[in-house]
Protein chains: 2
Amino acid sequence: MRIHIQNPESDPPFDFSWEQWQAAVARAGDLGAGHSVTIGRTKADCAAALHDAEILIADIAAIRAQIPLQAPRLKIIQATVAGIDGLAPFDWLPKGVALWTNRGIHAGKAGEFGIMSVLMLASRIPEFVTQQRAGQWKKLYGSVVAGRRLTVLGLGALGGTSARHAKYFGMHVTGVRTQEKPHPDCDAVIAATDLETILPTTEFLLVAAPLTAATRNILTRERLKMLPRGAGLINIGRGALVDQDAVCDLLESGHLGGAVLDVFVPEPVPQNHRLWTTKNLIISPHTCADDPNTYNPQTLDTFFNNLRACQAGRLAPTAVDFTRGF
Amino acid sequence: MRIHIQNPESDPPFDFSWEQWQAAVARAGDLGAGHSVTIGRTKADCAAALHDAEILIADIAAIRAQIPLQAPRLKIIQATVAGIDGLAPFDWLPKGVALWTNRGIHAGKAGEFGIMSVLMLASRIPEFVTQQRAGQWKKLYGSVVAGRRLTVLGLGALGGTSARHAKYFGMHVTGVRTQEKPHPDCDAVIAATDLETILPTTEFLLVAAPLTAATRNILTRERLKMLPRGAGLINIGRGALVDQDAVCDLLESGHLGGAVLDVFVPEPVPQNHRLWTTKNLIISPHTCADDPNTYNPQTLDTFFNNLRACQAGRLAPTAVDFTRGF
């Protein structure tokens with residue numbers, strides 16, 4: 001196939017290299033052979049390649065406008081992102097062109113970040129950081145996480161892996177997802193429509209859902225207030241899942257005991273935004289799921305895995321389901 | 001036996017209650033019955049009880065001066081601490097009185113804090129906190145910990161449990177202790193005399209040793225500089241194990257990529273001390289190993305476990321070995 005890989009204009013840690021491509025080809029066995037491949041960076045590179053490319057591997061956001069006009073032979077887009085909320089609406093996507101994501105590859109890093117955040121909240125690190133900023137030594141005591149109650153909203157790669165780690169530490173884990181069906185790493189799973197029933201007994205709430213019409217602002221101010229006093233909040237999904245201003249208010253009032261947030265509205269967080277000085281809050285700059293050492297190799301493995309399924313007449317595992325929005 | 005429990009004068013989270021005592025008695029079976037027990041708080045309470053007490057359960061530091069003068073029948077002191085460096089020299093301890101610690105009970109909480117700190121360093125949380133203090137959004141990328149190299153200095157309850165968690169996450173763990181003998185949760189163990197051989201390949205260094213004549217300032221400036229650029233440092237042992245001023249210098253220069261410290265010289269860290277503003281440093285106020293929900297129950301279980309061994313003619317498991325200093 002004629003494959004073009006488009007690197008981001010300015011995000012060097014995530015540039016695809018020829019070495020990465022060749023290593024992925026070697027891992028892919030027979031599927032890796034016989035392709036005609038280019039790697040580009042500029043819009044001109046992209047335009048030249050789209051002329052005859054059948055497969056495009058790229059962080060689509062910056063170049064999607066070019067696609068309907070310049071890519072007559074395109075059959076497959078392998079996006080180098082998992083969350084596609086930033087690509088909607090999909091009127092730029094030509095009919096008949098498959099859109100695959102790299103969902104799943106963030107599991108390792110994000111799962112570690114998820115359980116790290118739970119442990120940080122249990123040890124009261126956000127409060128320590130606030131005290132440190134004030135130059136204040138004051139003993140505050142945390143607790144072990146064994147036996148404590150974690151609710152994970154969204155049981156995809158990020159939430160599911162976080163749940164698995166939480167079980168290792170002996171936590172009681174309740175998952176929340178679209179349908180109420182069991183998950184191997186949760187003690188219980190409830191449907192998203194029942195979310196309010198679990199909030200009053202949730203000690204730690206980990207938000208790891210995709211952003212869709214159904215999940216936008218799912219954690220309203222009213223729902224956040226249903227959490228017990230002192231609860232901890234983690235968001236590794238998308239900022240718009242949560243009423244961010246309510247989070248700040250509830251941290252300031254002490255209703256929330258602490259928060260670790262990786263995602264915000266807007267990003268970057270503007271200078272002088274109240275988030276920067278909200279107490280008992282740790283801000284991670286939307287990099288919690290991204291490990292440059294493993295990101296591209298795993299994305300390419302995902303691509304070849306999709307291609308294998310496709311050639312066998314099956315649905316590509318990470319093909320976007322446009323009715324669900326991810 | 002005649003047992004006196006002395007509560008700290010002012011540390012309410014760690015007060016022993018009658019409920020805790022009775023629950024421990026119930027767990028201890030036959031050993032729990034038939035004791036005459038008092039619980040006190042003031043120096044007068046202590047003096048009155050020491051008159052006939054055979055066993056004293058207390059955080060000894062504040063009352064040790066009373067012991068040689070006022071406790072003619074005393075046979076056993078069950079200290080409610082694990083580190084006894086603050087009790088040396090031991091000239092206050094009457095001959096023939098056994099001194100037991102509660103070492104081991106900090107394993108759960110400290111082990112979670114240890115692996116949490118490793119995950120924080122791998123995710124670059126100390127740098128994020130420094131950026132946050134400056135109101136600065138800048139993407140920095142961390143990594144998964146699988147395959148990365150952790151060195152644990154001290155393989156007691158704190159270090160050993162941290163090592164076990166690190167193995168769960170797939171790290172390569174090297175332990176350092178007095179003698180070079182295997183540990184079930186380490187890929188390799190080296191003797192403390194060989195410490196310098198492991199520093200250049202250590203990505204994360206977790207310090208969890210007791211403070212003794214042999215370990216004081218074991219991490220000199222010269223040794224800290226042997227760590228590779230960007231290495232992360234964790235100290236959950238004692239502040240005086242490490243050249244603290246060198247840690248600050250190496251954080252400021254960027255040679256150390258980050259640090260999570262729970263112990264300092266002196267404590268409390270004074271106002272306006274350079275530690276408060278040292279970059280890429282997280283300060284925890286020496287509470288990393290203490291969970292008020294489990295501390296006293298586990299301390300009492302340790303006491304009854306020691307008593308059982310003692311009555312069976314064996315050495316109490318947490319009796320202080322004065323030749324080793326812990």
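Biologist: What makes H1(A) and H10(A) oblique to each other in this predicted model?

Modeller: Helix H1 (residues 18–28) of chain A and helix H10 (residues 292–311) of chain A pack at an angle of about 40°, with their axes 9 Å apart. Angles under 35 degrees count as roughly parallel, and 65 to 115 as roughly perpendicular. The angle of about 40° belongs to neither class, and the two helices are therefore oblique.

Biologist: What is the hand of the crossing where H1(A) passes H10(A), and which residues meet there?

Modeller: The crossing is right-handed. From H1(A), Gln20(A), Trp21(A), Ala23(A), Ala24(A), Arg27(A) and Ala28(A) take part, and they meet Asn296(A), Pro297(A), Leu300(A), Asp301(A) and Phe304(A) of H10(A). The residues of this contact divide into 7 nonpolar, 2 polar and 2 charged.

Biologist: How do you know that the two copies are related as by a two-fold rotation axis?

Modeller: Chain B is superposed on chain A by a rotation of 180° with 0.0 Å of shift along its axis, at an RMSD of 0.0 Å. The copies are thus related as by a two-fold rotation axis. In chain B, the C-alpha nearest the axis belongs to Met116(B), 2.7 Å from it.

Biologist: Why can one say that the copies meet through the same surface?

Modeller: Because 100% of the interface residues of chain B are also interface residues in chain A. The contact takes 42 residues from chain B and 42 residues from chain A. On the side of chain B that touches chain A, H4(B) gives the most, with 8 residues. The residues of that side divide into 23 nonpolar, 12 polar and 7 charged.

Biologist: What makes S8 and S12 of chain A edge strands?

Modeller: Each of them pairs on one side only. The open sheet has 7 strands in the order S8-S7-S6-S9-S10-S11-S12 (chain A), with parallel pairing. The twist averages 15° from one strand to the next.

Biologist: How do you know that S6 and S9 of chain A pair?

Modeller: Two strands pair if there are at least two bridges between them. Strand S6 (residues 149–153) and strand S9 (residues 204–207) of chain A are joined by 4 bridges and run parallel, so they meet that cut-off. One bridge partner in S9(A) is Leu205(A), opposite Thr151(A).

Biologist: Which strands does helix H5 (residues 125–133) of chain A lie across?

Modeller: H5(A) lies across S11 and S12 of chain A, running at about 90° to S11(A). Helix H9 (residues 244–253) of chain A also packs on the sheet, touching S10, S11 and S12 of chain A, and its direction makes about 135° with that of S11(A).

Technical notes: Residues numbered from 1 in each chain as written. Chains lettered and ligands numbered in written order. Predicted model: local features only at pLDDT ≥ 70, side-chain atom pairs only at ≥ 80, totals over all residues. Axes fitted to C-alpha atoms, helices over the stretch in contact; angles between N-to-C directions. Parallel < 35°, antiparallel > 145°, perpendicular 65-115°, else oblique. Left-handed = near helix turned anticlockwise from the far one by under 90°. Contact = placed C-beta atoms within 7 Å. Nonpolar A, V, L, I, M, F, W, Y, C, P; charged D, E, K, R; others polar. Least-squares fit on C-alpha atoms with pLDDT ≥ 70 in both.
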